[in-house]
Amino acid sequence: MGNWLANDGLSFFVILVWLGINAFLFVHFYMQFLVERWFYSRAILGQALPWARAPAACLNFNCMLILLPVCRNLLSFLRGSIQVSDRSAARQLDRNLTFHKLVAYMIALHTAIHILAHLFNFERFMDAQLDKNDTLQYVLSQIGNGDNRSYLNPIRTKDTNPTYVMFTTIAGLTGVFMTLALILMITSSTEVIRRSYFEVFWFTHHLFVIFFIGLVLHGIGRIVRGQTPTSFQENNPAECEKYYREWGKNGTFCPVPNFAGNPPMTWKWVVGPMFLYLCERVVRFVRSQQKVVITKVVMHPSRTLELQMRMKGFKMEVGQYVFMQCPSISQLEWHPFTLTSAPEEDHFSVHIRIVGDWTEALYKACGGDKTEYTACSMQMAIDGPFGTASEDVFRYEVVMLVGAGIGVTPFASILKSVWYKYVQQNANVFTRKIYFYWLCPETEAFEWFADLLQSLEGQMVEKGLTDFLSCNIYLTRWKESEAAHFTVHHEAENDPITGLKQKTLYGKPNWTTEFNNIAAKHNGAKVGVFLCGPLGLAKTLGKQCRTHSVSGVKFIFNKENF
Amino acid sequence: MGKIEWAMWANEQALASGLILLTGGIVGVAGQFAGWQFAAYGVAAGVFVCLLEYPRGRRAKGTSVERTGQYCLTVCVKAFGPITRNYYVRAFLHAALCVPGGFMLATVLGCVCLGIASLIYLLAAIRGEQWLPILPKTETREKPRESIKEPPQNPPPRPPADLRRKRLEDVEGAAYVNPIPVTGSED
């Protein structure tokens, strides 16, 4: 077994700490409701009271956390400042979406426990009101009948039912709206809906606004009531509990206990992150107002659209991505695309695959029928750029870049930047060797990238730098008719598909062989493995990285995902 | 939002509602709450909705992803023909099923969620969507093209042998045009 710590150790630690805090909050707040001050409350509710309060505390904590991983501008800023000192810590910020989902699951779990406990609480409060006149529960429920201030039982009369009470208390009503919003958000966030009907997911997810409003207002009714401290001095449950029939009567030493509700606490937890998220949305909006000029539109085969753009003050690094919005197509949709241009160029570009509603509309709006179109007067808004793992490429001595199909786009940016650095500026770059793997199911997809690779290859040969970049292109699927063509032209100097001197390979790469070769050639180095591709490939590569990270060579896996 | 199949989301929502109704019902019965009969109903209705909604339908466009082990239920649901295929029926069925849940606190959440699922199914039905089962396709091998089956029936198109004989003394005169146009190989 390899060195798992290098790849996943820090993530595991973060998750462990988070789970630990959850467990601590749960137990701590459970115990808080077992004290004497809550004796009379528990006399009616039993253990259901602490079972409701403990997940409530965990919910406060998790609702505070959930907004943070989706503040991408804040994360980008943090990443930039951490990256200077600690590379692996910066990488943790790539896992933001994973963490967001984990916190969401925890919120769902605690919500379920909270609601189930409250079902018992409502039922027991109702039973107490309907009880016989001489039980403790009944007597407790009658306290505060006059002024409606010092009561314990929020159900004030027996001519009602729990459902009605729920809809007429602030806590109950906000609870209903919150839970509905949460359920709708969850059902529209499943993998199937997200991957196929992104818009449904995106719009429904904005119900979080209702969720947070409900969350902040949930406690203002002060429905959870315990004995007041002054009352506790005068009426100690340990002594006075048995004499409940004589409370407050002349000559007894136990006055009627008084109860009050806890002030709402949740806002203290969530106000900070809510403010940060608000800032995040403002930043996105401000950025979107900046003018973007589309300088060139190119339609490539395999339904790929290239847009070259200019924006004042736009600065990027290799392999970053931007969110694009086209107001004429949709006012509310922002879609992420990887930048395919190098920072050294005077414009920035994206290559977009036409797959859904939005991209189809974009294609039509840009005059998709023509192959090249120099002016496109369409309005565009850009948010970003945001950093992902590819930014780290030049911090490794040896690098493996693996792109599947359209997943090669971040690496287009890297390779272009490499060309500029070495060939034009001859800068001293830390990276000594790049192994590039491109897995592609169809030949037309090569076209737009083939030009780049061809020019790179030519330049490398000219400058005698052929050793720096090792390109391995794999065609994973082909038609019978094409196969005949390949066999016939097998001996040609230039590859029949890409026109490169480096021959295209057929089928899938043998990763074990590749990793072994690289490990053998670069003993003692840290090899960065960067993937932009499907989950199956990520699992394979992750496993290979772990297996081959032995004595000396360390393979660090970076996955890019949207 | 042109090509969205609302039924996919309605299905997720309905399945979740079934589970919520079931859970609320179990708690209501186990805790012997007042009105526990409604909770018992919630258990039955919850189980029914879960079984009905577990098999995911086939998408009209794109690849459909099955839920684990849904094949048996797919066959059962398919057996009811138009009753389960039509989403209007499902919309009204869920609307009717959810009503008794509203009479007790433990099942009220399941009731509202199922009601929402019913509304989304109604939308899907108005848009003309249907439930189609995801069944494994029987493998059909592509038949080899006609030309490979039989050996060529006719000789290749070229002029008779004496014309084709090399005539070194008159190279230009020996050139001929093929009577039948010949196309190059696929390039």
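This report walks through one helix, some ring contacts and a few annotated stretches in a predicted model.

## A helix with two faces

Let's start with helix α21 of chain A, which runs over residues 535-548. How far apart should the ends of its 14 residues be? At 1.5 Å a residue, the expected span is 20 Å, and the end C-alpha atoms are indeed 20 Å apart, so the two agree.

Now look at which residues hide away. In α21(A), the buried ones are L537(A), A538(A), L541(A), G542(A), Q544(A), C545(A) and H548(A). They cover an arc of only 165 degrees around the axis, which means they sit on the same side of α21(A). Turn to the face pointing away from that buried side and you'll find the exposed residues L535(A), K539(A) and K543(A).

## Rings that meet

A pair of aromatic rings is described by two things: the distance of the centres and the angle of the planes. Counted over all chains, the model has 21 aromatic pairs. One of them joins W18(A) and F99(A), with 5.8 Å centre to centre and 70 degrees between the planes, an edge-to-face arrangement. W18(A) belongs to helix α1 (residues 4-32) of chain A and F99(A) to helix α6 (residues 96-129) of chain A, so this pair ties together parts that are 81 residues apart in sequence. W18(A) has 6% relative accessibility, and because buried means under 20%, it makes the cut.

Helix α1 of chain A also holds F26(A), which pairs with W51(A) in helix α3 (residues 48-66) of chain A, 25 residues away. Their ring centres are 5.7 Å apart and the planes meet at 65 degrees, so this pair is edge-to-face. How accessible are the two partners? F26(A) counts as buried at 15% relative accessibility, whereas W51(A) is partly exposed at 40%.

Rings can also gather in groups: F39(A), Y40(A), W247(A) and F259(A) make up one aromatic cluster.

## Charges over rings

Some rings have a charged neighbour instead. R72(A) places its charged end over the ring of F323(A), 3.5 Å from the centre. K433(A), meanwhile, lies over the face of Y435(A), 5.1 Å from the ring centre.

## What the record says about chain B

An unreviewed UniProt entry annotates residues 12-30, 36-54 and 91-124 of chain B as "transmembrane region". What does the model show there? Residues 36-54 of chain B are 95% helix and 0% strand, with end C-alpha atoms 26 Å apart. Residues 91-124 of chain B are 82% helix and 0% strand, and here the end C-alpha atoms are 9 Å apart.

Note on methods: Residues are numbered from 1 along each chain as its sequence is written. Chains are lettered from A and ligands numbered from 1 in the order in which they are written. This is a predicted model: local features need pLDDT of at least 70, side-chain atom pairs count only at pLDDT 80 or more; totals for chains, interfaces and linings use all residues. Side-chain values use heavy atoms; hydrogens and water are left out. Helices (H or I, at least four residues) and strands (E, at least two) are DSSP runs, numbered from the N terminus. The expected span of a helix is 1.5 Å times one less than its number of residues. Buried means under 20% relative accessible area, exposed over 50%, partly exposed in between (1.4 Å probe, protein chains only). The arc is that of the directions from the helix axis to the C-beta atoms. Rings of Phe, Tyr and Trp (its six-membered ring) pair if their centres lie within 6.5 Å; planes under 30 degrees apart count as stacked, over 60 as edge-to-face and the rest as tilted. A charge sits over a ring if NZ of Lys or CZ of Arg is within 6 Å of the ring centre and within 35 degrees of the ring normal. UniProt positions are given in the numbering used here, feature names are shortened, and annotations may be inferred rather than shown by experiment.
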